[in-house]
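Here is a short walk through a predicted model. Keep the structure open as you read.

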Amino acid sequence: MQAAGRFEVRFDELAFTDDLAHATPAGRDVAQAAKQRLERDGTDLSDFKRCDPNGRDGTRLPNCVKIHLPRPGDRWRMVFEITRDKTTGTLGLTYRAFGVGHPEHPWQPSAYQVAHGRLHPSDGPPHA
(Lines give C-alpha, C1' and ligand atoms only; values in the text may rest on other atoms or scores of the structure.)
Protein backbone atom coordinates (compact mmCIF):
# COMPACT_ATOMS: atom_id res chain seq x y z
CA MET A 1 0.00 0.00 0.00
CA GLN A 2 1.29 3.45 -0.91
CA ALA A 3 1.74 6.04 1.82
CA ALA A 4 -0.57 9.05 1.68
CA GLY A 5 0.60 11.59 -0.91
CA ARG A 6 2.82 9.05 -2.67
CA PHE A 7 2.27 7.73 -6.17
CA GLU A 8 2.83 4.22 -7.45
CA VAL A 9 5.33 4.02 -10.28
CA ARG A 10 4.70 1.51 -13.07
CA PHE A 11 7.42 0.49 -15.53
CA ASP A 12 6.90 -0.81 -19.05
CA GLU A 13 9.61 -3.49 -19.00
CA LEU A 14 9.97 -3.70 -22.79
CA ALA A 15 10.42 0.06 -23.15
CA PHE A 16 12.81 0.20 -20.18
CA THR A 17 14.92 -2.66 -21.57
CA ASP A 18 15.02 -0.97 -24.98
CA ASP A 19 16.16 2.31 -23.41
CA LEU A 20 18.90 0.56 -21.42
CA ALA A 21 20.18 -1.03 -24.63
CA HIS A 22 20.80 2.48 -26.00
CA ALA A 23 22.36 3.88 -22.81
CA THR A 24 25.97 4.07 -21.76
CA PRO A 25 27.10 1.83 -18.88
CA ALA A 26 26.89 4.84 -16.54
CA GLY A 27 23.39 5.64 -17.82
CA ARG A 28 22.28 2.04 -17.27
CA ASP A 29 23.51 2.15 -13.67
CA VAL A 30 21.65 5.41 -13.02
CA ALA A 31 18.44 4.12 -14.63
CA GLN A 32 18.45 0.79 -12.81
CA ALA A 33 19.08 2.42 -9.43
CA ALA A 34 16.25 4.92 -10.03
CA LYS A 35 13.87 2.17 -11.16
CA GLN A 36 14.60 0.06 -8.10
CA ARG A 37 14.04 3.02 -5.76
CA LEU A 38 10.86 4.22 -7.49
CA GLU A 39 9.28 0.75 -7.62
CA ARG A 40 10.12 0.08 -3.99
CA ASP A 41 9.20 3.45 -2.47
CA GLY A 42 6.84 5.08 -4.95
CA THR A 43 7.30 8.81 -5.23
CA ASP A 44 5.98 12.20 -4.37
CA LEU A 45 5.29 14.48 -7.34
CA SER A 46 7.54 17.11 -5.76
CA ASP A 47 10.48 14.94 -6.95
CA PHE A 48 9.44 15.68 -10.56
CA LYS A 49 9.17 18.62 -12.93
CA ARG A 50 6.40 18.99 -15.47
CA CYS A 51 7.40 18.29 -19.06
CA ASP A 52 6.67 20.99 -21.60
CA PRO A 53 3.34 19.83 -23.06
CA ASN A 54 4.32 21.29 -26.48
CA GLY A 55 8.09 21.30 -26.81
CA ARG A 56 10.09 23.44 -29.24
CA ASP A 57 11.35 20.22 -30.81
CA GLY A 58 7.82 19.14 -31.76
CA THR A 59 7.30 16.84 -28.80
CA ARG A 60 3.87 16.66 -27.22
CA LEU A 61 4.00 15.41 -23.66
CA PRO A 62 0.74 16.42 -21.95
CA ASN A 63 0.26 14.86 -18.51
CA CYS A 64 3.97 14.00 -18.37
CA VAL A 65 6.58 14.68 -15.72
CA LYS A 66 10.33 14.15 -15.67
CA ILE A 67 13.01 13.45 -13.14
CA HIS A 68 16.62 14.50 -13.62
CA LEU A 69 19.15 11.77 -12.86
CA PRO A 70 21.31 11.57 -10.96
CA ARG A 71 19.65 14.21 -8.87
CA PRO A 72 19.84 17.13 -8.88
CA GLY A 73 19.74 17.97 -12.56
CA ASP A 74 22.31 15.88 -14.32
CA ARG A 75 22.28 14.75 -17.94
CA TRP A 76 19.78 11.85 -17.87
CA ARG A 77 16.00 12.05 -17.68
CA MET A 78 13.18 9.65 -17.00
CA VAL A 79 9.81 10.65 -18.39
CA PHE A 80 6.54 9.40 -16.89
CA GLU A 81 2.90 9.94 -17.78
CA ILE A 82 0.40 10.57 -14.99
CA THR A 83 -2.12 7.76 -15.44
CA ARG A 84 -5.09 6.23 -13.66
CA ASP A 85 -5.10 2.49 -12.90
CA LYS A 86 -8.08 0.96 -14.73
CA THR A 87 -8.81 -1.50 -11.92
CA THR A 88 -8.36 0.59 -8.78
CA GLY A 89 -8.83 4.09 -10.19
CA THR A 90 -5.73 5.34 -8.36
CA LEU A 91 -3.36 7.81 -9.95
CA GLY A 92 0.18 6.72 -10.64
CA LEU A 93 3.14 7.35 -12.88
CA THR A 94 3.73 5.18 -15.93
CA TYR A 95 7.23 4.99 -17.39
CA ARG A 96 7.57 6.35 -20.93
CA ALA A 97 11.31 6.89 -21.53
CA PHE A 98 14.86 7.16 -20.22
CA GLY A 99 17.72 8.88 -21.95
CA VAL A 100 19.80 11.99 -22.27
CA GLY A 101 17.88 15.19 -21.66
CA HIS A 102 19.83 17.27 -24.15
CA PRO A 103 21.95 15.07 -26.45
CA GLU A 104 25.32 16.21 -27.72
CA HIS A 105 24.80 14.68 -31.18
CA PRO A 106 22.02 15.70 -33.58
CA TRP A 107 21.31 12.05 -34.48
CA GLN A 108 20.75 11.07 -30.84
CA PRO A 109 17.11 11.37 -29.69
CA SER A 110 16.39 12.99 -26.35
CA ALA A 111 14.38 11.22 -23.64
CA TYR A 112 11.55 13.61 -24.57
CA GLN A 113 11.61 12.54 -28.23
CA VAL A 114 11.58 8.87 -27.23
CA ALA A 115 8.62 9.47 -24.90
CA HIS A 116 6.79 11.38 -27.66
CA GLY A 117 7.32 8.48 -30.07
CA ARG A 118 5.83 6.04 -27.57
CA LEU A 119 2.86 8.26 -26.80
CA HIS A 120 2.20 9.21 -30.45
CA PRO A 121 3.52 6.33 -32.60
CA SER A 122 1.59 7.37 -35.72
CA ASP A 123 3.15 10.87 -35.71
CA GLY A 124 6.64 9.76 -36.66
CA PRO A 125 9.62 11.27 -34.87
CA PRO A 126 9.52 14.90 -33.74
CA HIS A 127 12.16 17.17 -35.21
CA ALA A 128 14.68 19.19 -33.23
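Begin with one pair of residues: Lys-49 has Lys-66, in strand S3, as its bridge partner. That pairing belongs to the contact between S2 and S3 (residues 64-69), two antiparallel strands joined by two bridges.

Now widen the view to the whole sheet. Its five strands follow the order S1-S5-S4-S3-S2. The sheet is open, and its pairing is mixed. S1 (8-10) and S2 (49-50) are the edge strands; each has a single partner strand, so one side of each lacks a neighbour in the sheet.

Next come the helices on this sheet. H1 packs on the sheet and touches S4 and S5. The direction of H1 makes about 20° with that of S5. H3 lies across S3, S4 and S5. Relative to S5, H3 runs at about 125°.

Look closer at H1, which spans residues 13-21. Which of its residues are buried? They are Ala-15, Phe-16, Asp-19 and Leu-20. These residues lie on the same side of H1, because they cover an arc of only 135° around the axis. Their cover includes helix H2 (25-41) and helix H3 (111-119), along with strands S4 (76-84) and S5 (91-100).

Turn H1 around. The face away from the buried side carries Leu-14 and Ala-21, both exposed. Leu-14 also takes part in a contact at the start of the helix: its backbone nitrogen is within 3.1 Å of a side-chain oxygen of Asp-12.

Key. Residues are numbered from 1 along each chain as its sequence is written. This is a predicted model: local features need pLDDT of at least 70, side-chain atom pairs count only at pLDDT 80 or more; totals for chains, interfaces and linings use all residues. Side-chain values use heavy atoms; hydrogens and water are left out. Buried means under 20% relative accessible area, exposed over 50%, partly exposed in between (1.4 Å probe, protein chains only). Helices (H or I, at least four residues) and strands (E, at least two) are DSSP runs, numbered from the N terminus. The arc is that of the directions from the helix axis to the C-beta atoms. Contact means heavy atoms within 4.5 Å. A polar contact is a pair of N or O atoms within 3.5 Å; within protein, one must be able to donate a hydrogen and the other to accept it, and residues adjacent in sequence count only if both atoms are side-chain atoms. Two strands pair if DSSP finds at least two bridges between them. Axes are lines fitted to C-alpha atoms, for helices over the stretch in contact, and angles run from 0 to 180 degrees between N-to-C directions.
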